[in-house]
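User: Please take a close look at a single residue and its surroundings in this model, and describe with care what lies around the side chain. If there is room afterwards, a few words on other local features would be welcome.

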Amino acid sequence: MIHSLFLVNASGDIFLEKHWKSVVSRSVCDYFFEAQERATEPENVPPVIPTPHHYLISVLRHRIYFVAVIQSEVPPLFVIEFLHRVVDTFQDYFGVCTEAAIKDNVVVVYELLEEMLDNGFPLATESNILKELIKPPTILRTMVNTITGSTNVGEQLPTGQLSVVPWRRTGVKYTNNEAYFDVVEEIDAIIDKSGSTITAEIQGVIDACVKLTGMPDLTLSFMNPRLLDDVSFHPCVRFKRWEAERILSFIPPDGNFRLLSYHVSSQNLVAIPVYVKHNITFREGSSQGRFDLTLGPKQTMGKAVESVLVSSQLPRGVLNTNLNPSQGTYTFDPVTKLLTWDVGKINPQKLPSLKGSMSLQAGASKPDENPTINIQFKIQQMAISGLKVNRLDMYGEKYKPFKGIKYMTKAGKFQVRT
Amino acid sequence: MSASSAFNDEKGGSSSVGEPEYGHDPASGGIFSSDYKRHDDLKEMLDSNKDSLKLEAMKRIVAMIARGKNASDLFPAVVKNVACKNIEVKKLVYVYLVRYAEEQQDLALLSISTFQRGLKDPNQLIRASALRVLSSIRVTIIVPIMMLAIKEAASDMSPYVRKTAAHAIPKLYSLDPEQKDQLIEVIEKLLADKTTLVAGSVVMAFEEVCPERIDLIHKNYRKLCNLLIDVEEWGQVVIINMLTRYARTQFLNPNINESLLEEGGGGEKTFYGSDDEEDEDEEDKEKKAEAAAMAKRKPYVMDPDHRLLLRNTKPLLQSRNAAVVMAVAQLYFHLAPKAEVGVIAKALVRLLRSHSEVQFVVLQNVATMTIKRRGMFEPYLKSFYIRSTDPTQIKILKLEVLTNLANETNISTILREFQTYIKSMDKDFVAATIQAIGRCATNIGEVRDTCLNGLVQLLSNRDELVVAESVVVIKKLLQMQPEKHSDIIKHMAKLTDNIQVPMARASILWLIGEYCEHVPKIAPDVLRKMAKSFTNEEDIVKLQIINLAAKLYLTNSKQTKLLTQYVLNLAKYDQNYDIRDRARFIRQLIVPTDKSGALSKYAKKLFLALKPAPVLESPFKDRDHFQLGSLSHLLNAKAGGYQELPDWPEAAPDPSVRNVEVPEWTKCSSREKRKEKKVEKPFYSDSEGESGPTESADSESDSASASESGSGSGSGSEESGSGSESEESEEGSESEEEEEEEEEKEKKKKKKELKKPVQESESEQSSEEEERKRKNKQQKSDSESESDEEEESVSESSQSEEESEDSESEAEVKQKKKTAASKPPSKPAKKENKKEKKEMSLLDLDDFEPTPSPQVTPVNTFLSSSLVTDLEGLSLTDTVLAPATIAPSSALKSFELLHRITGEGLSVEYCFSRQPFSPDPHMVAVQIQFTNSAATEAKNLHMEDAKLQSGMRVKEFPEIEVLPAGETTTVVMGIDFCDSTQAANFQLCTHTRKFFVSIQPPVGELMTPVFMTENEFKKEQGQLMGMNEITEKLTLSDKCQNEHAIVQRVTTAANLSRVPCGSDKECRFAGRTVTSGSLVLVTVATKEERAAQLTVNCEKMVIGTMLVKDILLALTQ
């Protein structure tokens, strides 16, 4: 399936290569570079590029292209999904997935890749199994290793692959047994010029951090499971149980994992927590434009809207801006024409606003497009859909775990057209 | 050999690329000498005996490999360390070895022996990793060694090693394709493997080595379907894709009726019609479609295996892995009935939230799907709205989907959306939007004018690209109805002054030329202007100018003759030969000269022929002949190794090829059990039910034919159809199965065996007559010995328990015969039976044959034995008699509730007395026996604090006030288990202590016997077919050959009563569950050679499944 993997950085250098079958010359990447040149934006490089003898399937994460070389028919999503899994694993191991981190840990990277694929077919992709085989590098361990000469490679053999619950390693022990669940919901919305919602939907995930001894069997139930319209599970969740009782029953993997992602049924009206008043005008003939933006909270159920960040791609004709924020800071990059305004927390008594003028290219006609405004925000302690976890029970182990559930609402792709 | 030459090529390629690298990379020093030096120092480190130095050296070498530098000259130094003790060094050596072995084949051979040793290691994981590395070394010489290793590993005990073997198969195949035949054998063997671990990998190997050998799948099809959900995600993708192809060759098109209709009724109309249908509620729609299909057309019945595949893949739509979701989606798209395809839409829309690469692939596939099945995605229209932050390629794909989804009802919203897109800063996207508008306009007549007006407005846009694109699209639109739109043409004529984009200019000119009759005044003027600027135009524009001139000349030669000639003259000396050529051609054609040929007469027809309007269609049209989700589909070109998706067959191939011995896959899945039984339970019973229809259908025909032939033996009819077609192979697998199972159950068996007589009488095998003679003699002694049978069962002499019983019942019957000369109900009943048999033979799916007349005597014995069992059910008070006369109840198994030690001297045992619990008929009577072996007396024995599953109830036993030391007392309590085998937990309290105890009933105790005639039995059984019927084949243990033994074992295992039966090959039992009163019908049909078939019909499938297991256990031991 996957023949080789090349890692290409933003400047177009191949800084790592790995082959699972016969060696494929790195000149095959020339086709990729060609496509990269043709694409105006980095994300516009086509994910699948046919070349005379191979196919290149690539993903872009953290400004690194992961280019897989394929020789024959294989579902493209298979490869793409796998590459993303590789990136996730790297991130899991090194904290970040940057060129520097990969170069520093090249041996671990190589060992990981060796375990993840066998002859191009995925072998062990569960992070729990991998961590058993290859210990993630930590500062402490690196120091110990240099002193004692011990290794990162686990002495154990991949027993996890033999177990009935391949996602959980065996013999887990903690002194503090805790299970935390974060319910994070994202609102994707497009708001039109007049402030009415064109489309809005809520996507949520439940991320878990479970540190429990032994083989706990957890069940998580919701107050209002009917809200969940479309769900996808971590493989540990017993599907039949969900079908029958709408209860999440699972033996959790050890550590951090995404238990569930869901989509809230579209029948429910989505509460939009912020509103934007905007007045962005360019006058014909003059080299000035007006910019006036005010944010306000709306339907937040009494919770504060925090970490608000507004960004907007201004038209090419805008030379510079002279704006005055009532709170927070704003920046304008005259090259990329990107305006960002870090608002912070919205105070309902004193609404944040950004007002001022834009200077336009003299003589050019007024831009006919208005910028769209992207907004990011966070609301703590609230799931906007109203989803509530009812209870969490543990079976199979004797101790009493510490349980915690946190709710948060975030803006996903939240756009206001002007 | 071709392979090795390919390697050489590869090698040459890599080294030629690798070498210049040195020069470029400052890190390597740039000078060869220093390079050698550094390698020397690495060699030194590798030769040292310190692991840390070796490790350091290996790390540096691996880093070199990672950067793509050549480290092959270190091969000898590295390969020495293959047997190093340090596991990390070892692993890195493997990495190196796999990378360079191909280039240094001779040296690589040095390492082989290490791996060969590893293959024999007792640790499965070491065996696996040895095989993994061995098979990754691409050295042709070791092919035989690899082949041997793979073959051995394929029959390894450990599934993990077998999985590795499956992985090794494609490796060996790519190394030496000539091994194909042998490898196929291994694949065939591994395909039969029943573990989830192996399934994915072996199907992968199958796909790479022999995807054409679809026949290998038949036998494993159902197993793969059932295992699918537990296979790891990557394996799931491969299996689903393979099964899609398989299903296309084996099943009939579920949409066959619809497609016929579509063809007959002429595309569009039915297409829309069906869409509307799909808008409705999903369930309604499904029902409707099904009903309609049933009613009107020739009946299409989906193969149950086809249904099995669809049902077992559906939950995987919820997978977190996009590739799995896509695989299921394509399976549904290609295989499901139209009405059911809709379920995939939601999952695919969910994937749109994922990474942009995933979106890209999913949108491509959605675009193809929307052309065929538009209705499916209509509810999700808004999910395809475009955000300014999307990458351009995603925007364009979303636009494609939106365009495909547009219809009369939603067009206005879509157009409004498009309007905002046109203002985007991304010009490529704007151009695509304009084309999309054009397509909407052509597809939906109602909005054509609106679109056209909108596009005309765009003509005044400042951006030239926008204008140009609009012109091109308007041209296409106008071609559809030019006469209405002369003003637009005029407007466009004016644009020629401003627009510079060649394609747009060419389009305008063509338009004016084509419709010059609508703009008779303007057209010549445009030509005049164009003639002026002719030399500066682009080639496509020039060609159109010539065209325009020619057309005008033909229609309006008076005004344009000179102009035309001028243009043609200019063209004559043009640099481009196409243009010169065109000019020459046109001049000959239109300008009448004496030499002009016959063609010039037709010039007008040639130029001014009515041109069909262009069809604006999606680039995704007809892409669905590629399997969706495949690379080939994405590229719209066949990729190497792509397996065509075959067309549906005209007539379904024989479905029986998939039939496997039923026990095989039910068992295997039951062994694959995950931790939680609850989750899996419905899963099995489902699959069980699934197989029902096919089998019963088969067995119907079987029994029919058998009864026709009227064979007296009945053995043929008793086989269920499932196995009969392919006896040989199945019997083999069956016995294998049996063996394995026996291994598993050995422990339990031993326990039970202790209770049963160990010795076995030879006489059991002897004929019945002999037996009877002897029985008469032995009768006396037997009946005497029976009273203490329980105690000395082991030491019992030659006679087995069953036989003694046998004779007992025999005796009983004789006695009864004396008292009442003939049993009135038995004979008439039998006659009725015979009558009804003939009537029912078509309906009744059970197998039987008319009882031949000489069977009168056996019938009697059956009646008698069944009477015994009947008596059991009736025995309310004859507790004294029961143990003596009726073996099953004497063999009441008691279970320990509280051990003497934990109970501090108080031991408690319980057993299921099988007597109705008088206070509440829905409760199971549990007899509890307290023994106080402590020195002091126990007081106030009672129970409290029952923790019960919902619905369960308990009737407590009366408190025992005092139980003196050394005494034993017995009480009865009632528990309503709610027809489940969940344990009832409660506390047993004495005056001093409390004990937590629980009572868990075997499934057989959850029922009460009912009396039934054979006819009633058959009637009820007929109503409990399909999902409610579970059939298993079994081999009777050698201790239970005759039917009495069977009766005894079944009634021991479950509280059922015998139903009289006309055939000596069948034993039937009936009962009702205690709580819900659902019927439980059990049939054991014996055949030659100890083979038998067990059928359980029960409304409660869970109970049925569990009961089958219990009875199987009882009969096979």
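Analyst:
**The surroundings of A:Thr409**

In this predicted model, a polar atom of the side chain of A:Thr409 lies 3.1 Å from the backbone nitrogen of A:Ile384. A:Thr409 itself belongs to strand E23 of chain A, which covers residues 402-416, and it is buried because its relative accessible area, at 0%, falls under the 20% cut-off. When neighbours within four places in sequence are left aside, the contacts of A:Thr409 include A:Met382 and A:Ala383 together with A:Ile384, whose backbone nitrogen was mentioned above. Also in contact with A:Thr409 are A:Phe377, A:Lys378 and A:Ile379, as well as A:Glu185 and A:Ile187.

Turning to chain B, helix H6 (residues 105-118) packs with helix H7 (residues 124-136) at an angle of about 150°, their axes being 8 Å apart, and the crossing of these two helices is left-handed. On the H6(B) side the contact is made by B:Ile112, B:Phe115 and B:Gly118, which meet B:Ile126, B:Arg127, B:Ala130, B:Val133 and B:Leu134 of H7(B). Sorted by class, this contact of H6(B) with H7(B) holds 6 nonpolar residues, 1 polar residue and 1 charged residue.

A further residue of chain B, B:Pro612, sits in the loop between helix H33 (603-608) and helix H34 (631-635). B:Pro612 is exposed, since its relative accessible area of 69% is over the 50% cut-off. Although B:Pro612 and B:Gln479 are 133 residues apart in sequence, their C-alpha atoms are 7.8 Å apart in space.

Technical notes:
Residues are numbered from 1 along each chain as its sequence is written. Chains are lettered from A and ligands numbered from 1 in the order in which they are written. This is a predicted model: local features need pLDDT of at least 70, side-chain atom pairs count only at pLDDT 80 or more; totals for chains, interfaces and linings use all residues. Side-chain values use heavy atoms; hydrogens and water are left out. Axes are lines fitted to C-alpha atoms, for helices over the stretch in contact, and angles run from 0 to 180 degrees between N-to-C directions. Helices (H or I, at least four residues) and strands (E, at least two) are DSSP runs, numbered from the N terminus. A crossing is left-handed if the near helix is turned anticlockwise from the far one by less than a right angle, and right-handed if clockwise. Contact means heavy atoms within 4.5 Å. Ala, Val, Leu, Ile, Met, Phe, Trp, Tyr, Cys and Pro count as nonpolar, Asp, Glu, Lys and Arg as charged, and the others, Gly among them, as polar. Buried means under 20% relative accessible area, exposed over 50%, partly exposed in between (1.4 Å probe, protein chains only). A polar contact is a pair of N or O atoms within 3.5 Å; within protein, one must be able to donate a hydrogen and the other to accept it, and residues adjacent in sequence count only if both atoms are side-chain atoms.
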